[in-house]
Amino acid sequence: MVSLDELALGISELVESYAENVIKEMEKVLDETSDKVLAYIKSKAPKSGQAYGFAESFVAIPEGEGINKRITIYSSTKGRLTHLLEFGFTHRGGKFVGPRPFMRPAFDAFAPDMVEKIKSIIERGGSA
């Protein structure tokens, strides 16, 4: 016969194991998705003739860990140009330069799959 204390301890251990597995797998999916997004941005962002051009200036910086982990992707050296290229702009002389979106399409391409993988991880308690 199992006491209520032993049952509670067993359930607690199972829940803790479940949470650890889910968090580990979710971090893995986040890392994989950020790698894909960064590669997409680097391939679609405008190129320049400089040795260290705009497309190559994008980096992915992880912050936090576990369920609080996030990854920020931005241009480390040319961030002041990003929104102008993404959304388009008008020169002082009046000439309009059309948008060349590369960040939002990256998000749209990979975020839905990431969400589905995370849902699957939560349902299965581990592997996607």
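**Notebook: Ser-75, Glu-86 and some salt bridges**

**Entry 1: Ser-75**

I started at Ser-75, where a polar atom of the side chain lies 3.0 Å from the backbone nitrogen of Lys-78. I count a polar contact as a pair of N or O atoms within 3.5 Å; within protein, one must be able to donate a hydrogen and the other to accept it, and residues adjacent in sequence count only if both atoms are side-chain atoms. A note on what I am reading: this is a predicted model, where local features need pLDDT of at least 70 and side-chain atom pairs count only at pLDDT 80 or more, while totals for chains, interfaces and linings use all residues. Residues are numbered from 1 along each chain as its sequence is written, and side-chain values use heavy atoms, with hydrogens and water left out.

Which other side chain does Ser-75 meet in a polar contact? I found Ser-57, at 2.6 Å from side chain to side chain. Ser-75 sits in strand β2, residues 70-75 (helices are DSSP runs of H or I with at least four residues, strands runs of E with at least two, numbered from the N terminus). With 7% relative accessibility, Ser-75 counts as buried (buried is under 20% relative accessible area, exposed over 50%, partly exposed in between, with a 1.4 Å probe and protein chains only). Setting aside residues up to four places away in sequence, I listed Phe-54, Ser-57, Phe-58 and Thr-82 as touching Ser-75 (contact means heavy atoms within 4.5 Å).

**Entry 2: Glu-86**

Next I went to helix α2, residues 79-87, which holds Glu-86. Glu-86 is buried yet has no salt bridge (a side-chain nitrogen of Lys or Arg within 4 Å of a carboxyl oxygen of Asp or Glu). How far away is the nearest side chain of opposite charge? That side chain belongs to Arg-104, and I read 7.2 Å (Lys and Arg count as positive, Asp and Glu as negative; His and the chain ends are not counted).

What the side chain of Glu-86 does reach is backbone: the nitrogen of Phe-102 at 2.9 Å and that of Arg-104 at 3.0 Å. Leaving out neighbours within four places in sequence, I noted contacts of Glu-86 with Pro-99, Arg-100, Pro-101, Phe-102, Met-103, Arg-104 and Pro-105.

**Entry 3: salt bridges**

I counted 5 salt bridges, and here are three I looked up. In one of them, Lys-69 pairs with Asp-31, the closest N and O atoms being 2.8 Å apart. This pair links distant parts of the chain: Lys-69 is in the loop between β1 (58-63) and β2, Asp-31 is in helix α1, and 38 residues separate them. Lys-69 is buried at 18% relative accessible area, whereas Asp-31 is partly exposed at 28%.

Arg-70 bridges to Glu-63 with closest N and O atoms 2.7 Å apart. Here Arg-70 counts as exposed, at 53%, and Glu-63 as partly exposed, at 30%.

Glu-116 and Lys-119 make another bridge, with 3.6 Å between the closest N and O atoms. Because Glu-116 and Lys-119 are 3 residues apart in helix α3, about one helical turn separates them. Both ends are partly exposed: Glu-116 at 47% and Lys-119 at 44%.

**Entry 4: reaching across the sequence**

I stayed in helix α3, which spans residues 103-124 and includes Lys-117. Lys-117 is partly exposed at 25%, and its C-alpha is 16 Å from that of Ala-19, a partner 98 residues apart along the chain. Val-115 is also placed in helix α3 and is partly exposed at 39%. How far apart in space are Val-115 and Leu-30? I got 9.6 Å, C-alpha to C-alpha, for a pair 85 residues apart in sequence.

Ile-61 belongs to strand β1 and is partly exposed at 32%. Ile-61 and Ser-34 are 27 residues apart in sequence, with 9.5 Å between their C-alpha atoms. Not counting residues up to four places away, Ile-61 touches Arg-70, Ile-71, Thr-72 and Tyr-74; Arg-70 is the residue I met above in the bridge with Glu-63.

**Entry 5: a nonpolar patch**

Last, I looked at the surface made by Val-2, Leu-4, Leu-7, Ile-11 and Val-15, a nonpolar patch of about 510 Å². Patches are made of residues with over 30% relative accessible area and no salt bridge, joining like charges within 9 Å and nonpolar side chains (Val, Leu, Ile, Met, Phe, Trp, Tyr) within 5 Å; accessible areas come from the Shrake-Rupley method with a 1.4 Å probe, and for residues only the protein chains shown count as cover. Ile-11 lies in helix α1, residues 4-44, and counts as partly exposed at 45%.
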